[in-house]
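This report looks at the open and enclosed spaces of one protein and at the helix contacts beside them. Please have the sequence and the structure in view while reading.

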Amino acid sequence: MRASRFSVVAIAVGAVAVLAGCAAGAGADGGGDTAPVTLQVAAVTSPMTDVVEAAAEAIDDGYEIELVEVADYITANTILNDGDVYANFSQHEPYMQTFNEGNDGSLVAVQPVYNFVIAFYSKSLTDIADLPTGATIAIPDDPSNTGRALKLLAAEGIVTLDPAVDPYDATVDDIVENPQGVEFLQVPISSLNAAYEEADLVFQWPSHIAALGLNPHDDGLLTELDDTFALNLVVAGDDASSDATAALTRAFTSDAVREVIESNETIEVAF
């Protein structure tokens, strides 16, 4: 049985930053004179957490948002699927679909909020043309981001993918030509910054590579912006049409959120 997403839970995997005062005391419609409904929203890192904080400032009367900061994307989805939080803001829809397929999940993307430039980075190279034969390329190990990384490498001619395969679904087994004999290191997104120290080329999200003082506009050797991978507000399927989700959607598309997005040069508004 799913736990109530309106309850305040203790989550040991990350620090909980409380953005709103009291726990839920009202029904899901948020109406009446009772205490506001507290909606817990999980997020992994900035600028995702910044967006949640901004949405908390803009949420309709009758609701409050509580940020639940977690360590990784799997946890953000697991606690949502288990009913321990009401929503999360940490992923694009293809990643969410992969989670659903592998975990009997029912998560639904209800609102794209921002898009971001993805890039490959290198500690040793300043030009992708100098990629050496036999180079090690670090890419994510989850299916949706693997396909995105390989698609970008194929567009540059570093590898050729099987034309019978949808490039968004490609794996390293779908590489049919590898003229430079590059080798792939597949690790979770959260481990790609560590791989930057050793690999010749590393794929990474801007929210993570920022910890190394890098950004896609100044430091990316290969870059791509694809609306397919816009970051979405995600809820459980049963809550997709609820009043609470409608209130969250309004908050996540508010002027306060827009201001946060527009102040960050690595992301852009998707609503």
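## Pockets, a cavity and helix contacts

The lining of the second largest pocket consists of P94, Q97, T98, E101, P143, S144, Y168, D169, A170, T171, T228 and F229. Two elements, α3 and α4 (143–156), give two or more residues each to this lining. The largest share, 4 residues, belongs to α3. Sorted by class, the second largest pocket is lined by 5 nonpolar, 5 polar and 2 charged residues. Its volume is about 180 Å³. The model described here is a predicted one.

The largest pocket has a volume of about 230 Å³. Its lining counts 13 residues, and those closest to the centre of the pocket are Y73, I74, Y95, D141 and D142. At least two lining residues come from each of α2 (73–81) and α3 (93–103). Here too α3 provides the largest share, with 4 residues. The classes in the lining of the largest pocket are 7 nonpolar, 3 polar and 3 charged.

The structure also holds an enclosed space. Searching the whole structure gives 1 cavity of 30 Å³ or more. The largest cavity has a volume of about 30 Å³. It is lined by P47, Y114, F116, W205, P206, S207 and I267. Two or more of these residues come from each of β5 (107–116) and α6 (206–209). By class, the cavity lining has 6 nonpolar residues, 1 polar residue and no charged residue.

The table sets the three spaces side by side.

| Space | Volume | Lining by class |
|---|---|---|
| Largest pocket | about 230 Å³ | 7 nonpolar, 3 polar, 3 charged |
| Second largest pocket | about 180 Å³ | 5 nonpolar, 5 polar, 2 charged |
| Largest cavity | about 30 Å³ | 6 nonpolar, 1 polar, no charged |

## Helices beside the pockets

How do the helices that line the pockets meet one another? Take α2 and α3, which each supply at least two residues of the lining of the largest pocket. The axes of α2 and α3 come within 11 Å and cross at roughly 60°. Because of that angle, α2 counts as oblique to α3. The crossing in which α2 passes α3 is right-handed. On the α2 side the contact involves Y73, I74, N77, T78 and N81, and on the α3 side Y95, F99 and N103. By class, the residues of this contact are 4 nonpolar and 4 polar, with no charged residue. Three residues of the contact, Y73 and I74 in α2 and Y95 in α3, are also among the residues closest to the centre of the largest pocket.

The other pair is α3 and α4, the elements that give two or more residues to the lining of the second largest pocket. Their axes lie 8 Å apart, and the helices pack at an angle of about 140°. That angle makes α3 oblique to α4, so the pair falls short of the roughly antiparallel class, which needs an angle over 145 degrees. In this contact P94, Y95 and T98 of α3 meet P143, S144 and N145 of α4. The contact has 3 nonpolar and 3 polar residues, and no charged ones. From this contact, P94, T98, P143 and S144 also appear in the lining of the second largest pocket. Y95 of α3 takes part in the contact with α4 and in the contact with α2.

Note on methods:
Residues are numbered from 1 along each chain as its sequence is written. This is a predicted model: local features need pLDDT of at least 70, side-chain atom pairs count only at pLDDT 80 or more; totals for chains, interfaces and linings use all residues. Side-chain values use heavy atoms; hydrogens and water are left out. On a 1 Å grid over the protein atoms alone, a cavity is a set of points where a 1.4 Å probe fits but cannot get out, and a pocket is an open set with protein on both sides within 12 Å along at least five of seven lines; lining residues have an atom within 4 Å of a point. Grid points are joined across faces, edges and corners, and a volume is the space filled by probe spheres set on the points. Ala, Val, Leu, Ile, Met, Phe, Trp, Tyr, Cys and Pro count as nonpolar, Asp, Glu, Lys and Arg as charged, and the others, Gly among them, as polar. Axes are lines fitted to C-alpha atoms, for helices over the stretch in contact, and angles run from 0 to 180 degrees between N-to-C directions. Angles under 35 degrees count as roughly parallel, over 145 as roughly antiparallel, 65 to 115 as roughly perpendicular and the rest as oblique. A crossing is left-handed if the near helix is turned anticlockwise from the far one by less than a right angle, and right-handed if clockwise. Contact means heavy atoms within 4.5 Å.
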